[in-house]
Amino acid sequence: MDIVNDELLKLDNEVGFALYACSKGLIRKYNPVLERLGLTYTSYLVMLALWEQDGVSVSELGKKLYLDSGTLTPLLKKMEKQGLLLRRRDEEDERVVLIALTPKGRGLQAKTERTVAALNNTLRLLRESSLFSDLKRLLGELYEI
């Protein structure tokens, strides 16, 4: 569908707004659950990434989460203060900061699985729909622009 010029600036035709509003709505569903774990939605995403692959660099983590170091570094410092992870310089290249889970951070995985399970059951239909695969494809395309 080609949007005529006078329709271009209508909120209902703004794809970005629809994605933004849906994202906010989903995060609003997660927040009460994550607060019980001491996590924000963004720190939850960091933990998901580290549970998949521990011991990554800040830049690798940023690429995976589509976050720049200006956003990620303060978050990682806060999570380090919570005792969830450790940041250390790479011995071979001191410009590289490596992130590793602490035992507390690894231990949080099982508790998170139990806590988030009910919410994930609610979102299962969305995850299994073609919309989810379309959104993941769109994400890749948007970051290639």
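## The overall layout

What pattern does the protein chain follow, read along the sequence? Going from start to finish, the protein chain runs α-α-β-α-α-β-β-α-α. That gives 6 helices and 3 strands. Keep in mind that what you're looking at is a predicted model.

How much room does the chain take up? Lined up along the principal axes, its C-alpha atoms fill a box of roughly 55 × 40 × 25 Å.

## Two helices side by side

Now pick out α1 and α5. Their axes come within 9 Å and cross at roughly 165°. Angles over 145 degrees count as roughly antiparallel, so α1 and α5 are roughly antiparallel to each other. The crossing of α1 past α5 is right-handed.

Which residues meet here? From α1 you have Leu26, Lys29, Tyr30, Val33 and Leu34, and from α5 there are Thr115, Val116, Leu119, Asn120, Leu123 and Leu126. Sorted by class, this contact has 8 nonpolar, 2 polar and 1 charged residues.

## The largest pocket

Next, have a look at the largest pocket, with a volume of about 1,600 Å³. It's lined by 36 residues, and the closest to its centre are Leu26, Tyr41, Leu45, Phe132 and Leu139. You've met Leu26 already: this α1 residue is also part of the contact with α5.

Where does the lining come from? At least two residues each are supplied by α1 (15-35), α2 (41-52), α3 (58-65), α5 (103-128) and α6 (130-142). As for the chemistry, the lining splits into 26 nonpolar, 5 polar and 5 charged residues.

Technical notes. Residues are numbered from 1 along each chain as its sequence is written. This is a predicted model: local features need pLDDT of at least 70, side-chain atom pairs count only at pLDDT 80 or more; totals for chains, interfaces and linings use all residues. Side-chain values use heavy atoms; hydrogens and water are left out. On a 1 Å grid over the protein atoms alone, a cavity is a set of points where a 1.4 Å probe fits but cannot get out, and a pocket is an open set with protein on both sides within 12 Å along at least five of seven lines; lining residues have an atom within 4 Å of a point. Grid points are joined across faces, edges and corners, and a volume is the space filled by probe spheres set on the points. Helices (H or I, at least four residues) and strands (E, at least two) are DSSP runs, numbered from the N terminus. Ala, Val, Leu, Ile, Met, Phe, Trp, Tyr, Cys and Pro count as nonpolar, Asp, Glu, Lys and Arg as charged, and the others, Gly among them, as polar. Axes are lines fitted to C-alpha atoms, for helices over the stretch in contact, and angles run from 0 to 180 degrees between N-to-C directions. Angles under 35 degrees count as roughly parallel, over 145 as roughly antiparallel, 65 to 115 as roughly perpendicular and the rest as oblique. A crossing is left-handed if the near helix is turned anticlockwise from the far one by less than a right angle, and right-handed if clockwise. Contact means heavy atoms within 4.5 Å.
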